[in-house]
Amino acid sequence: LGRAVPGAVAGVTAVRQVAAGQAYTAVLASDSTVWAWGSNHSGALGAGTQSSRSIPKAALGISGVASLVSGSNHIMALHKDGSVWTWGANTYGELGDGTTKQRSHPASIAGLSGVLAIAAGKDAVMGSHSVALKSDGTVWTWGRNDFGQLGDGTTANRNAPTKVPGLADVSAIAAGSASTVAVKADGSVWMWGRNWDTTPAAVQGLAGITAVATAGFHSAALKRDGTVWTWGYNGFGELGYPD
């Protein structure tokens, strides 16, 4: 049954981070393990099965996690050693393992190391893409690409990480349902995917940006001076502009 008021999840304490997928929840515990519950038809709970559950349990075979993000039906975990671990749905290659076969247990992505941050697109209909920011300032993408959200100049899906060409000195990343955004060290913002292009393009009129977020049809950026700047669709007032 649903619940209209918040309630504590039994058995989950000392949590450092939370993430939510299409119909599941995952948390990063203080001991650097990942716990998940909810829908498991894609194996996103990391339990080695496809059985859904309402009780939190630890994902199999993974520890030492620094951060995690969720796509629609897959999970990405950034290990403290800079490797990236994935599990769950893989229809478009979003697990980055060179296949399109879903996997119900965590495994590291071969050949991807030195990662500082991760992001995952999320759209129940269009599926997911995955993004990683490496310590050298390069951005790597894989998964669904029908709107050019991988930034490689094509609309072909990729099942393994590929470096976004022509993009360097990146300090932050975010992923929307079919777009990707990056902040460079100089404070400029670059986007690609839905409503943009298949390669990164600078967002005009923005400077001094430190962080970004993007969703299905709108985006937001945080400036160093503490102000927030928004752009995109505004049908429900999501840009925060006065009437």
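# Asking how we know

Visitor: Why does F217 count as exposed?
Guide: This is a predicted model, and in it F217 has a relative accessibility of 56%. Exposed means over 50%, so F217 earns the word with its 56%.

Visitor: And what makes Y233 count as partly exposed?
Guide: Its value is 44%. Partly exposed covers the stretch between 20% and 50%, so Y233 at 44% gets that label.

Visitor: How do you know that F217 and Y233 form an aromatic pair?
Guide: Check the ring centres: for F217 and Y233 they are 6.4 Å apart. The cut-off is within 6.5 Å, so the two rings count as a pair. The structure holds one aromatic pair, and you've just met it.

Visitor: Why is that pair called edge-to-face?
Guide: Now we need the planes, because a pair of aromatic rings is described by the distance of the centres and the angle of the planes. Here the angle is 65°. Over 60 degrees counts as edge-to-face, so that's the name for F217 and Y233.

Visitor: Which parts does the pair tie together?
Guide: F217 sits in the loop between strand 17 (209-214) and strand 18 (218-223), while Y233 is in the segment after strand 19 (228-232). The pair therefore links parts that are 16 residues apart in sequence.

Visitor: Over to S128. Why is S128 called buried?
Guide: Its relative accessible area is 2%. Buried means under 20%, so 2% puts S128 in that class. You'll find S128 in the loop between strand 9 (115-120) and strand 10 (129-134).

Visitor: What touches S128?
Guide: Leaving out residues up to four places away in sequence, its contacts include G71, S72, H74, Y92, G121 and R144.

Visitor: How do you know that the side chain of S128 has a polar atom within reach of S72 and G121?
Guide: Look at the distances. The backbone nitrogen of S72 is 3.1 Å from a polar atom of the S128 side chain, and the backbone oxygen of G121 is 3.2 Å from one. A polar contact asks for N or O atoms within 3.5 Å, and both 3.1 Å and 3.2 Å meet that distance.

Visitor: What makes N145 buried?
Guide: N145 has 0% relative accessibility. Since buried means under 20%, N145 counts as buried. N145 belongs to the loop between strand 11 (139-143) and strand 12 (158-163).

Visitor: How do you know that the side chain of N145 makes a polar contact with the side chain of D152?
Guide: The distance is 3.4 Å, and the limit is within 3.5 Å. D152 is also among the residues in contact with N145, along with L150, T154 and N157.

Visitor: How do you know that the charged end of K184 sits over the ring of W190?
Guide: K184 is 4.3 Å from the ring centre, and the distance limit is within 6 Å. R194 likewise lies over the face of F147, at 4.9 Å from the ring centre.

Visitor: Why are strand 13 and strand 16 called edge strands?
Guide: Four strands form an open sheet in the order 13-14-15-16, with antiparallel pairing. Strand 13 and strand 16 (201-202) each pair on one side only.

Visitor: How do you know that strand 13 pairs with strand 14?
Guide: Five bridges join strand 13 to strand 14 (residues 179-184). At least two are needed for pairing, and five bridges meet that. V170, for one, stands opposite K184 in strand 14.

Visitor: S171 is in strand 13 (residues 170-175). Why is S171 called partly exposed?
Guide: Its relative accessible area is 45%. That falls between 20% and 50%, so S171 is partly exposed. Its contacts include L133 and V183, leaving out residues up to four places away in sequence.

Visitor: What makes S32 stand out in its phi?
Guide: Most residues other than glycine have a negative phi. S32 has a positive value, near 70°. S32 is in the loop between strand 2 and strand 3, and its 4% relative accessibility counts as buried. A14 has a positive phi too, near 50°.

Visitor: Last one: which residues have the most contacts inside the largest nonpolar core?
Guide: They are V34, I62, V65, L68 and W87, in a core of 15 residues. Strand 2 (24-29) is one of the strands that supply at least two residues, and its three residues are the largest share.

Methods
Residues are numbered from 1 along each chain as its sequence is written. This is a predicted model: local features need pLDDT of at least 70, side-chain atom pairs count only at pLDDT 80 or more; totals for chains, interfaces and linings use all residues. Side-chain values use heavy atoms; hydrogens and water are left out. Buried means under 20% relative accessible area, exposed over 50%, partly exposed in between (1.4 Å probe, protein chains only). A polar contact is a pair of N or O atoms within 3.5 Å; within protein, one must be able to donate a hydrogen and the other to accept it, and residues adjacent in sequence count only if both atoms are side-chain atoms. Contact means heavy atoms within 4.5 Å. A nonpolar core is a set of buried Ala, Val, Leu, Ile, Met, Phe, Trp, Tyr and Cys residues joined through side-chain atoms within 4.5 Å. Rings of Phe, Tyr and Trp (its six-membered ring) pair if their centres lie within 6.5 Å; planes under 30 degrees apart count as stacked, over 60 as edge-to-face and the rest as tilted. A charge sits over a ring if NZ of Lys or CZ of Arg is within 6 Å of the ring centre and within 35 degrees of the ring normal.
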